[in-house]
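Trainee: Could you take me through one part of this model in detail? I'd like to look at the pockets and what surrounds them.

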Amino acid sequence: MRIAGCDLGKASVGFVTATVGEDGNVEVEGVGYKLHEGDPLGLFQQWYRDNDIAACAALAATGIYADELRSPVLMLPEDSCQEAALEISPDLEDALNLVSIGARGYGALSRRPGTGNGGGAKYHYQYLENDKCSSGTGENI
C-alpha cells in the first residue's frame, strides 16, 4: 500500500512517500524539503501532481497550512507525527530528546523507556512547545 505525507509549515514544506508492506514494515520511497517563499499550497500542488499522490491509499498532513487542505486528507498533530517517526526508526533506541525549531515556534519531544511488559508502553513521551517565533535561534545555538 502506498501512502504519502506532508508538512506545510510557516516557512517550508516537507514531503514523503512510502510503501507499507503486508507485514506492516514501512519503506520510504522519496522525501523532499523546500522553502516555500509564501506559496506552500503551490508547492503542494506540484508535488501532488508530479508524484501521483492521487493514487496513494492515504495522504496525511501537518503544519500550519495543513488546515487549507480538505478531506480525504488526514490532519495530524505534529507531536504525533514525530512520535510515529521515532517508533519506526530502529536505530534510535533508549531515551531521546528531539528539538524542533521553526518559523512558527519551537518544541521539544522527550522520550524515555517505558515498562514494555505486561501491556505497558515501550516508551513514554512528553511534548512541550512554545509559539514564539524562533527567528535567530540558530545563531544563538
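**The pockets and their walls**

Mentor: Let's start with the second largest pocket, where α1 (40-50) and β4 each supply at least two residues of the lining. Keep in mind that this is a predicted model. The space in that second largest pocket comes to about 160 Å³. Its lining includes Phe44, Tyr48, Leu59, Leu69, Pro72 and Val73. By class, the lining splits into 11 nonpolar, no polar and no charged residues.

Now follow β4 across to the other site. The largest pocket has a volume of about 1,400 Å³. It has 47 lining residues, and the closest to its centre are Cys6, Asp7, Thr62, Cys81 and Gln82. Elements that give two or more residues to this lining include β1, β2, β4 and α2 (78-87), along with β6 (96-102), β7 (105-113) and β8 (123-130). The class split here is 28 nonpolar, 13 polar and 6 charged.

Two of those central residues also turn up in the strand pairing: Asp7 has Thr62 as its bridge partner in β4. That bridge belongs to β1 and β4 (residues 58-62), which run parallel and are joined by 5 bridges. β1 (residues 2-8) also pairs with β2 (residues 12-20), this time in the antiparallel sense and over 7 bridges. In that pairing, Ala4 is matched with Thr17 of β2. To get from β1 to β2, the chain goes through a hairpin of 3 residues.

Key:
Residues are numbered from 1 along each chain as its sequence is written. This is a predicted model: local features need pLDDT of at least 70, side-chain atom pairs count only at pLDDT 80 or more; totals for chains, interfaces and linings use all residues. Side-chain values use heavy atoms; hydrogens and water are left out. Two strands pair if DSSP finds at least two bridges between them. Helices (H or I, at least four residues) and strands (E, at least two) are DSSP runs, numbered from the N terminus. On a 1 Å grid over the protein atoms alone, a cavity is a set of points where a 1.4 Å probe fits but cannot get out, and a pocket is an open set with protein on both sides within 12 Å along at least five of seven lines; lining residues have an atom within 4 Å of a point. Grid points are joined across faces, edges and corners, and a volume is the space filled by probe spheres set on the points. Ala, Val, Leu, Ile, Met, Phe, Trp, Tyr, Cys and Pro count as nonpolar, Asp, Glu, Lys and Arg as charged, and the others, Gly among them, as polar.
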